[in-house]
Every structure is written in structure tokens, then in C-alpha cells.
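Biologist: I am new to this structure. Could you show it to me and take me through it?

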Amino acid sequence: YLPQRWSIRIVDENVRTLTDADLDWADVLFISGMHIQKPNILRIQQRAHGRGKMTVLGGCSVSAAPEDYPDMDVIHCGELGDATDELIELVDKTPVGSYPKNQIRFNTLERIPLADFPCPAYHLIDMSSYLVTPMQFSSGCPYTCEFCDIPALYGRNARLKPIEKIIHELDVIKQRGHVGTIYFVDDNFIANQK
């Protein structure tokens, strides 16, 4: 979804450690993770600031608990959507080597339909490093179970990715050399029984 004119490098710390050379290469660090990864997220943010780099945090942890990340320069809460477009515009306008004095927060109000989600950038990772490849099938759930934050994060409407898009993504995964397990990410298998 990010602009083609941007140079992008993905560093998955499950596979390899983020190096100082990676930090020096980047103009801006986009960070994501789950609650359990919060210590690493904060460590990366401190390292980035130590090198004068702007930090942008998105994903499920910050979307559920933005107050846990007061030192991030920019936070993106929610799925791809109108806030993502605003975030891209901000990054394009911010001079390299600078960052906002106060945290800027973007909240997605209008989500992009799953049919319009781009295929993940599998070409930017070494697929042989992964035993399991996740593939998003749906988003959202109409139920309000007290133990689950899916409706709050992704809405109460169970949205499905079209079959043609799923088949295309499976073909891309196979072309990239993945031979392991595909994990279909589905917020609630029975949320949309059709």
C-alpha cells in the first residue's frame, strides 16, 4: 500500500536483528507488533531516536492501547484506510532527519474494503525463513465476547476477502517459494456463515 517511490526494507526481528546499518539506511522507521512485543517496540523506538529517525507505530498493540506508546512520533490506529493516506502524506512532507515535536495520531474511520487490500509484499522477505505464512481471510466480528478485542479494533461487520484475491495471494506465496503451512487469519470463522 505504500508508495512505489519509497524504498522499503523489511526487518522481522523473529528472523534477524535490526542492525545499526538498517537504522542508518532508513529515513523513517515503521514499527508494528503485538502486546507481548512491547519491550522490543520501545527499544527500537529509542534506538531510532538516538539516530534522529522518525518513528511510526501501527498494528494491533497500538490500536488497542495507544496510551502505552507516548514516545512514538506518529501512531496509526486501525486498519488500512483514510488514516493511512493521511499518514503517507505526513511522511512525504516531513523533512528527512526531523520528526514532530508532539505525537501525531491517525485513527482509521473509513476502512479499505478487503477486496482492495494489496497483496502483501512477499518479494521483500525470504520466504524460506518462515514455517507458517499467515494470510488474511476476514476482518471483524459481530459478537461482543468480553475476552476479545476484535470488534473494537476491526469492527462488528465480518468482512471477507473475495475468493479470487485469496487464490491470487496463494499463487504469489507459492511463486515466492513457500512450501510450509498457510495460516488463514480469520477473526471468527462463524461470523459470516455464508
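The conversation below covers the overall fold, the aromatic rings and a surface patch.

Modeller: This is a predicted model, in which local features need pLDDT of at least 70 and side-chain atom pairs count only at pLDDT 80 or more, while totals for chains, interfaces and linings use all residues. Residues are numbered from 1 along each chain as its sequence is written, and side-chain values use heavy atoms, with hydrogens and water left out.

Biologist: How many helices and strands does the chain have?

Modeller: There are six helices and eight strands. Both are DSSP runs numbered from the N terminus: helices are H or I with at least four residues, strands are E with at least two. Their order along the sequence is α-β-α-β-α-β-α-β-β-β-α-β-α-β.

Biologist: What radius of gyration does the chain have?

Modeller: The value is 17 Å, which agrees with the figure near 16 Å for a compact globule of 194 residues. The radius is taken over C-alpha atoms, and the globule rule is 2.2 Å times the number of residues to the power 0.38.

Biologist: Changing topic, which residues form the aromatic pair?

Modeller: A search of the whole structure finds one such pair. Trp-6 and Phe-30 form it, tilted, at 5.9 Å centre to centre and with 50 degrees between the planes. Rings of Phe, Tyr and Trp (its six-membered ring) pair if their centres lie within 6.5 Å; planes under 30 degrees apart are stacked, over 60 edge-to-face, and the rest tilted.

Biologist: Where in the chain are the two partners?

Modeller: Trp-6 is in the segment before α1 and Phe-30 is in strand β1 (residues 28–32), so the pair links distant parts of the chain, 24 residues apart.

Biologist: Is Trp-6 buried or exposed?

Modeller: Trp-6 counts as buried because its relative accessibility is 18%. Phe-30, at 38%, counts as partly exposed. Buried means under 20% relative accessible area, exposed over 50%, and partly exposed in between (1.4 Å probe, protein chains only).

Biologist: Which residues form the nonpolar patch on the surface?

Modeller: Phe-30 appears again, with Leu-2, Ile-8, Ile-10 and Leu-124, and together they have about 370 Å² of accessible area. Patch residues have over 30% relative accessible area and no salt bridge; like charges are joined within 9 Å, nonpolar side chains (Val, Leu, Ile, Met, Phe, Trp, Tyr) within 5 Å. Areas come from the Shrake-Rupley method with a 1.4 Å probe, and for residues only the protein chains shown count as cover. A salt bridge is a side-chain nitrogen of Lys or Arg within 4 Å of a carboxyl oxygen of Asp or Glu.
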